[in-house]
Structure formats: structure tokens, C-alpha cells
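Could you walk me through the aromatic contacts and one of the pockets in this model? I would like an explanation in plain paragraphs.

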Amino acid sequence: MRFEFSGGFLIYRNSRAGPTFLFLKRKDGFLDIPKGHIEEGEDAREAAIRETYEEASLKGESIDQFYRYDYWVWFQRDGEKIKKRISVFLAGVKQDAKVKVSYEHVGYLWLGYEDAMKAKLFDQEKLATKSAYDYLSKKGMVEGINEEYRKLPERYKSWDLSRRFVPGEGPVNAAIMVVGQAPGATEDQKGRPFVGRSGELLNHLLRLAGTRREDVYITSVVQFFPPKNRIPDRREVEACRGFLIRQINAISPKLIVTLGNLPASVLLGSSRIMKSHGTITKKAGMAYFTTLHPAAAVRIRSNLPIIEGDFRKLKGIIKRIGVT
Ligand code: URA
């Protein structure tokens, strides 16, 4: 058996009725997405970008940083069995983007989700299109929530947190969501969650759990920096709690990892983290894994083996409950 690897793109345009996806017409009547072999020295995404340019003359204007959908196909070539992995990425283009197909195809079509499901597309590509469509629906929901959340300080006469909103980060279809307390000064400056010292440690801990930062969705209970890194007060937590719940509902992960006391108390009503850390709690159909906040190990080194132990345990749990 021979293994081969390809990269491709689902290219979409937004319209009032939802996204429409680009399909290239093959000579045999089937539709295809722009895709092709990964050449030497390229990764899957680079190959997808090059192939999309060669086959459709398009450069993705807004490539989604996190989306990736892998599928495998099996076939025979000259009597040899081939197993091929196709990695699909997602990019939006403007309504008036010009498509020019190469000699490999005889035309192109923009199809909405429903029409794509009825079109002459291989089943695997229908599944890839469904995954991209679901992802874009979730992304739209999360962006809508964030638009409102960003303006929260305007609703208050006295607002003691930073006015800079730090949105959650990661694939909106992630199976695992990680919830911290509130951004720190570095996060406030960069406008991204967990990019300071706690973030570095979190990246290491996620690797211990057999996953990677780019595969999980990372956010915090309060998404505005509390000056001097103080714990957000009750009124601030109350103001933000509803947004967190809406984000969780939109993303609908399989597992939520709570870091430290605040998310455990907001989501589970329990705040005795030194007792409950390293355990799974099921509540209203959701599984929660509670552990310490990485900042606790940055400040007090003796907490490091405790939190590392929790994330090693998490690795087993992820395997057991089939979260990928
Ligand atoms: N700590 C948190 O709880 N959230 C962040 O975004 C960064 C540090």
C-alpha cells in the first residue's frame, strides 16, 4: 500500500442566504474542490494555497486560521493500492472574486449547502462541505456573541476592567474548550487569550494531554483584563457569565477544562479546586474536567507537578471518552 497526501480548499462567498461554496467541474461530470498533491517542502496548507491558485486562479482572502478537515480515500493505480489523505482548509473570498479554471477543469459553480448535498459530488466531499458549513454557522454565532460582548463596557457607568475585549481563540468546532479566569496584562496588550507566561505553560500542558493549542478553543470567564490582575468581582462575573454560557452553547464542545477556582465556581458551583482537581464532573449533559489555573504553577513552583499530573490524567480521559 502506498500513502499519498493532498491539500485543498473549500472556498466560500457570503450571501444573504448563507455561504456558497466553489466547486470545479470535471470532464466526467463530477464536481470537485480545488486540491492536489503536497509537493516536496510544502505542508498541506501551502499545497492547498498553491493548488487553488493553479486550478482556480484564486488567492484565499481570509483563510480561517483554525479550520482543517482531514479525510482518507482508497483507490488503485496501476495495480497498486493507494491510501490518500486529503486535508481541506477554508477560505472566504469577496462576492466579485474572479475564478479562472485551468485546463484540468471545464468550468465552475458556486453552490449553497443544500444544492451541494444534491450535486454530483463524491460522498467524502459532501461530508467535507457539511463540516465547513457547520463550522461557518458556529463561527457566525460566536462572532455575533462577541460583537455584543465587546460593547459591554458601554452599558456601565462605572467599568473598572480594561475596555479592550479579548475574544476566545481556536476552532469553533473544537471538541475541547478551555476556560480560564480573565486575561492578564500581556493578553490585554495583544488582544489574545493565554499568550503570556500562563499561556506558555498552558501550551505545554495541552501537549501533555496529547492535544495542541490550535485544536482547542481557549477563553476565560471574564474577557476584559482586571487591572493589577485582581480577581474579577461578583458584579463583573455576573455581567460576563451569560456571554460565556452562550459561547459554550454555540461551540457545544464535548469537554470543558476549567482552570482554577473561578470557572469551576461559575460553571459547576464548586470552588474547592485543591480538592476537586483532576476529576471529571458531568452536569446537564456536559463533561467538565477541573484543574488548577496555570498561573498557580507560575507563581508557586510546587503546584507544577500537580497540574502536570492532571493534564496527564486528562490524556487518558480524552482517549476514553473519544474526544478528538
Ligand atoms: N489567564 C486567564 O485566565 N485567561 C487569559 O486569557 C490569560 C491568563
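Phe122 is partly exposed in this predicted model, with a relative accessibility of 37%. Its ring makes a stacked aromatic pair with that of Phe30: the centres are 4.4 Å apart and the planes differ by 5°. Phe30 is partly exposed too, at a relative accessible area of 22%. To find the two on your screen, look for Phe30 in the loop between β2 (18–25) and β3 (31–32), and for Phe122 in the loop between α2 (113–118) and α3 (123–150). These parts are 92 residues apart in sequence, so the pair ties them together.

Now turn to a pair with another setting. Tyr149 and Phe243 have ring centres 4.3 Å apart and planes at 5°, which is why they count as stacked, the cut-off being under 30 degrees. Tyr149 belongs to helix α3 and Phe243 to helix α6 (residues 234–251), so this contact links parts that are 94 residues apart in sequence. Are these two residues buried or exposed? Tyr149 is buried, with a relative accessible area of 0%, and Phe243 is buried as well, at 5%; buried here means under 20%.

Tyr149 and Phe243 also have company: together with Tyr156, Trp159, Phe165 and Phe224 they form one aromatic cluster. In total, the structure holds 13 aromatic pairs.

Some rings have a charged partner instead. Arg13 lies over the face of Trp110, at 4.2 Å from the ring centre. Likewise, the charged end of Lys59 is placed over the ring of Tyr53, at 5.2 Å from its centre.

Let us move from rings to empty space. Rolling a probe the size of a water molecule over the atoms shows where such space is left. The second largest pocket contains about 800 Å³ of it. Which residues lie nearest the centre of this pocket? They are Gln181, Ser198, His293, Ala295 and Arg299, out of 36 residues that line it.

Several elements help to build that lining. At least two residues each come from α4 (185–190), α5 (197–208), β10 (217–220), α7 (261–268), α8 (273–276) and α9 (294–299). Of these, α9 gives the most, with four residues. Sorted by class, the lining of the second largest pocket has 18 nonpolar, 14 polar and four charged residues.

Terms used:
Residues are numbered from 1 along each chain as its sequence is written. This is a predicted model: local features need pLDDT of at least 70, side-chain atom pairs count only at pLDDT 80 or more; totals for chains, interfaces and linings use all residues. Side-chain values use heavy atoms; hydrogens and water are left out. Rings of Phe, Tyr and Trp (its six-membered ring) pair if their centres lie within 6.5 Å; planes under 30 degrees apart count as stacked, over 60 as edge-to-face and the rest as tilted. Buried means under 20% relative accessible area, exposed over 50%, partly exposed in between (1.4 Å probe, protein chains only). A charge sits over a ring if NZ of Lys or CZ of Arg is within 6 Å of the ring centre and within 35 degrees of the ring normal. On a 1 Å grid over the protein atoms alone, a cavity is a set of points where a 1.4 Å probe fits but cannot get out, and a pocket is an open set with protein on both sides within 12 Å along at least five of seven lines; lining residues have an atom within 4 Å of a point. Grid points are joined across faces, edges and corners, and a volume is the space filled by probe spheres set on the points. Ala, Val, Leu, Ile, Met, Phe, Trp, Tyr, Cys and Pro count as nonpolar, Asp, Glu, Lys and Arg as charged, and the others, Gly among them, as polar.
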